[in-house]
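Reader: Hi! I would like to go through a structure with you, one question at a time. Could you show it to me?

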Amino acid sequence: MNPKHILFPTDLSVESLRPLERSPELFENREVTLLHIVPSVSLVAPSAPFAPRIEDPSVPVAIKDAQEKLEEMAKALASAKSVKIEVFSASDQGLSLIHI
């Protein structure tokens, strides 16, 4: 098997990064997509249970942090043909693309 494109999902933990550290040759001359999903829970004010839900204000910061970490990971994949970074926000409303 000789894949042309590798999807590399990561939760950005040390354990999820082991393939990059231990087997960088897996990614040589291949297209690589680094994927991270930021959890987002919509919030409800305790004093107003029927008010519209609001998005978690920490999500934009988490997205920026994830992008920065994935950009660092991409540097370690210099032997790849191309590296694409995707960060999604997952909420109770579904999945939404934040950045490509």
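Reader: Thanks! About how many helical turns separate Glu68 and Lys64 in helix α2?

Author: Happy to help, and please keep in mind that this is a predicted model. The side chains of Glu68 and Lys64 meet in a salt bridge, with 3.8 Å from N to O. Both residues sit in helix α2, four residues apart, so the separation is about one helical turn.

Reader: How many salt bridges does a search of the whole structure find?

Author: Side chains of opposite charge can pair when their charged atoms come close. Besides the pair of Glu68 and Lys64, Glu72 forms a salt bridge with Lys75, and Glu86 meets Lys84 in another. The search of the whole structure gives a total of three.

Reader: What is the distance between the closest N and O atoms of Glu72 and Lys75?

Author: These two residues both lie in helix α2, three residues apart, which is about one turn of the helix. Glu72 is partly exposed at 48% relative accessible area, whereas Lys75 counts as exposed at 61%. Their closest N and O atoms are separated by 3.0 Å.

Reader: And the salt bridge of Glu86 and Lys84: is Glu86 buried or exposed?

Author: The side chains of this pair meet at 3.2 Å, N to O. Lys84 has 38% relative accessibility and so counts as partly exposed. For Glu86 the value is 13%, and burial requires a value under 20%, so Glu86 counts as buried.

Reader: Let's step back to the fold. In what order do the elements of the chain run from the N terminus on?

Author: The chain has two helices and four strands. Among contacts between residues at least 6 apart in sequence, 65% join residues at least 24 apart. Read from the N terminus on, the order of the elements is β-α-β-α-β-β.

Reader: Which element gives the largest share of the largest nonpolar core?

Author: That core has 19 residues, and Leu34 and Met73 have the most contacts inside it. The elements that give two or more residues to the core are β1, β2, α2 and β3. The largest share is six residues, and it comes from α2.

Reader: Which residues does Leu34 touch, leaving out those up to four places away in sequence?

Author: Leu34 is one of the two residues with the most contacts inside the largest nonpolar core, and Met73, the other one, is among the residues it touches. The full list for Leu34 is Phe8, Leu70, Met73, Ala74, Leu77, Val83, Lys84, Ile85 and Glu86.

Reader: Phe8 is in that list. What is the geometry of the aromatic pair that Phe8 and Phe27 form?

Author: A pair of aromatic rings is described by the distance of the centres and the angle of the planes. The structure holds one aromatic pair. For Phe8 and Phe27 the centres are 5.9 Å apart and the planes make an angle of 75°, which makes the pair edge-to-face.

Reader: How many residues apart in sequence are the parts that this pair ties together?

Author: Both Phe8 and Phe27 are buried. Phe8 lies in strand β1, while Phe27 lies in the loop between α1 and β2, so the pair links parts whose separation in sequence is 19 residues.

Reader: Now the histidines. Which backbone oxygen does the side chain of His36 reach?

Author: His36 is in strand β2, and at 10% relative accessible area it is buried. Its contacts beyond four places in sequence include Asp11, Leu12 and Phe88. At 2.8 Å, the side chain of His36 reaches the backbone oxygen of Thr10.

Reader: With which side chain does the side chain of His5 make a polar contact?

Author: His5 is found in strand β1 and is partly exposed, with a relative accessible area of 44%. Leaving out residues up to four places away in sequence, His5 touches Glu31, Val32 and Thr33. The polar contact, at 2.7 Å, is with the side chain of Thr33.

Reader: One backbone check to finish: what is the phi of Asn29?

Author: Most residues other than glycine have a negative phi. Asn29 is in the loop between α1 and β2 and is exposed, with a relative accessible area of 61%. Although Asn29 is not a glycine, its phi is positive, at about 55°.

Note on methods. Residues numbered from 1 in each chain as written. Predicted model: local features only at pLDDT ≥ 70, side-chain atom pairs only at ≥ 80, totals over all residues. Heavy atoms only, no water. Phe/Tyr/Trp six-rings, centres within 6.5 Å; stacked < 30°, edge-to-face > 60°. Buried < 20%, exposed > 50% of the residue type's maximum accessible area, 1.4 Å probe, protein only. Core = buried A, V, L, I, M, F, W, Y, C linked by side-chain atoms within 4.5 Å. Contact = heavy atoms within 4.5 Å. Polar contact = N/O pair within 3.5 Å; in protein donor to acceptor, adjacent residues only side chain to side chain. Salt bridge = Lys/Arg side-chain N within 4 Å of Asp/Glu carboxyl O.
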